[in-house]
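Grab a pencil and work through these exercises at your own pace. Each one sets a task and then solves it step by step.

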Amino acid sequence: MRKKQILLTALFCVYTFVYMMTLIFLDGSLWSLQNTGRGVALHYLRMPLLGMGFLTFFAGRRLRGEISARKVRFLLLYGIYAVSILLILWLKDPTASFLISLITLISLGTLGGAVHYYLSAGLAGHSVCGRLAGIGGAVAFLLQMAVQTFFADRLLFVLAILAGFILAIYLTASGPFLWMFEEPLEYASARDDAALPGTRAIALGVTFMLFIYLILGVTDASLASLTFSGDMTSYSWPRLGGAAGYLLGGFLADIGRRRYLQLTTLCAILFAIPVPLLIEAGHGALAIFLFYVVNSVLIIYYTIWFWELAVKTKTPELWAGMGRTIGCFAGTAILCFTGISVPSGLMLEVVFAAGALLTAAFAGFFPQTETRGVPVTQEDRERLFIERFGLTPREKDVLKELLQNDGNMQVIADSLGISQRAAYRHLNNIYEKTGVDSRLSLIRLFYNSDGQADETPHIRLT
């Protein structure tokens, strides 16, 4: 595993840890309300503020300015997070704490927008993208459980949150990742703008996500009621299901380089349907464990899907964290399911599952069986190589120039109408996706990628 992938996995782990710990801390400030219904309502009604934070990152990112200005602008906003957490710690008035928590959520969302954007730019298209996200999320769950077990004091609990937040900022602003603050690389070249996703494809993808989100929403409503009634089972050992779900979702996502992403996700989500029955039968802990497993698989799904989508759009800063954004706003719909009977909940879950299945089928999300022969032309070889390693249209342009042009990178950059730095960034992405570390190795891999002993043409490497 390359150093870049290790650090990006650590970044995702740290942010996921901070995200969970902050929400747990803020939920704790609502328990003093001594009103289960009101606590559940406030929990979900304030979540759109977190979604607004993700959108705030997009708005700030689009502002023109030097790299240093972008860093300062967002680090100032991140500082607001630390101050707001400390204020909530010392405030005794639940109403004041709730109002301050709204500022906390916006700043947390802004950091989330940055983290998801960087991870999308650094991991999308890679064969191990899902597994890295799964490992990062699983470690975050285990860290969260450890902190809650050993940091019983509320002040130490908050200090653990702030330590994780500071580490996330350090990783985000570290020198080796200066490219994070630069303009995003082009996905499609001017001559291949049709490669950008259309409105229909995005709409169907979002619709599929909403259906599977609503399946879990029916169960989540009952679990939230348990939490705000003082039952802390959902924050004890059943939370291990979250770690297991992240690992499961990550490994499932990488099957066939995300070709089966929707299919495996839908199959996993169906296991949420019997959760209300388990709760009614008195198996609350098992039900919570299963819910966490399925919920983490869902998180992996919309995280990876939007990471892959973001790099294909002209506004990757907006779409990289859109999974979290939509989830925050859609979460308010869970209030509609509060208090419904188990039979009614099961009926709704079946309806939503049918809607997800029909949407996936209509959108063509399920992979088609293809019969591939041995490539006999250069065009066939290029097409299969690009499909195998998930290269973008712009990376395809760079690859073709490398194969046809024996000039240096400046010559290749000039022929493509991009800067030399952008050409090198595209080349490094190709290296990471294909697992090679030199131009010669890339060319050899290309001409032997079909398993045939083709002779590599002589190309001067300068």
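**Exercise 1.** In what kind of contact do the side chains of Asp254 and Arg258 meet?

*Solution.* Before we start, a word on the ground rules: this is a predicted model, where local features need pLDDT of at least 70, side-chain atom pairs count only at pLDDT 80 or more, and totals for chains, interfaces and linings use all residues. Residues are numbered from 1 along each chain as its sequence is written, and side-chain values use heavy atoms, with hydrogens and water left out.

Step 1: the two side chains meet in a salt bridge, with 2.7 Å from N to O. A salt bridge here is a side-chain nitrogen of Lys or Arg within 4 Å of a carboxyl oxygen of Asp or Glu. As background, side chains of opposite charge can pair when their charged atoms come close.

Step 2: check how covered Arg258 is. Arg258 counts as buried because its relative accessibility is 10%; buried means under 20% relative accessible area, exposed over 50%, and partly exposed in between (1.4 Å probe, protein chains only).

**Exercise 2.** Follow the salt bridges outward from Asp254 and Arg258, and find out which residues end up in one network.

*Solution.* Step 1: Asp254 also forms a salt bridge with Arg131, and the closest N and O atoms are 2.8 Å apart. That pair links distant parts of the chain, since Asp254 is in the loop between α9 and α10, Arg131 is in helix α6, and their positions lie 123 residues apart. (Helices, H or I with at least four residues, and strands, E with at least two, are DSSP runs numbered from the N terminus.)

Step 2: compare the cover on each partner. Asp254 has 9% relative accessibility, so Asp254 counts as buried. Arg131 has a relative accessible area of 28%, so Arg131 is partly exposed.

Step 3: now go the other way. Arg258 meets Glu308 in a salt bridge of 3.1 Å, N to O. Arg258 lies in the loop between α9 and α10 and Glu308 in helix α12, so this pair ties together parts 50 residues apart in sequence.

Step 4: put it together. Arg131, Asp254, Arg258 and Glu308 are joined into one network by salt bridges that share partners. The structure as a whole holds five salt bridges.

**Exercise 3.** Look at the backbone in the loop between α9 and α10, and work out what is notable about phi of Arg258.

*Solution.* Step 1: phi of Arg258 is near 70°, a positive value in a residue other than glycine.

Step 2: try Arg257, found in that loop between α9 (240–253) and α10 (261–269). Arg257 has a positive phi of about 55°, although it is not a glycine. Arg257 counts as partly exposed because its relative accessibility is 22%.

**Exercise 4.** Is Tyr301 buried or exposed, and what does Tyr301 touch?

*Solution.* Step 1: find Tyr301 in helix α12 (residues 284–310). At 1% relative accessibility, Tyr301 counts as buried.

Step 2: list its contacts (heavy atoms within 4.5 Å). Leaving out residues up to four places away in sequence, Tyr301 touches Gly205, Phe208, Met209, Ile212, Leu261, Gln262 and Thr265.

Step 3: zoom in on Leu261. The C-alpha atoms of Tyr301 and Leu261 are separated by 7.0 Å, with the two residues 40 apart along the chain.

**Exercise 5.** How are the rings of Phe385 and Phe446 arranged?

*Solution.* Step 1: get the rule straight. Rings of Phe, Tyr and Trp (its six-membered ring) pair if their centres lie within 6.5 Å; planes under 30 degrees apart count as stacked, over 60 as edge-to-face and the rest as tilted. By this rule the count comes to 16 aromatic pairs.

Step 2: Phe385 and Phe446 are edge-to-face, at 5.2 Å centre to centre with 65° between the planes. Phe385 sits in helix α16 (residues 378–389) and Phe446 in helix α20 (residues 439–448), so to find them you look 61 residues apart.Step 3: check the cover. Phe385 counts as buried at 1% relative accessibility, and Phe446 counts as buried at 0%.

**Exercise 6.** How many helices and strands are in the protein chain?

*Solution.* The protein chain has 20 helices and zero strands. Of its 462 residues, 52% count as buried.
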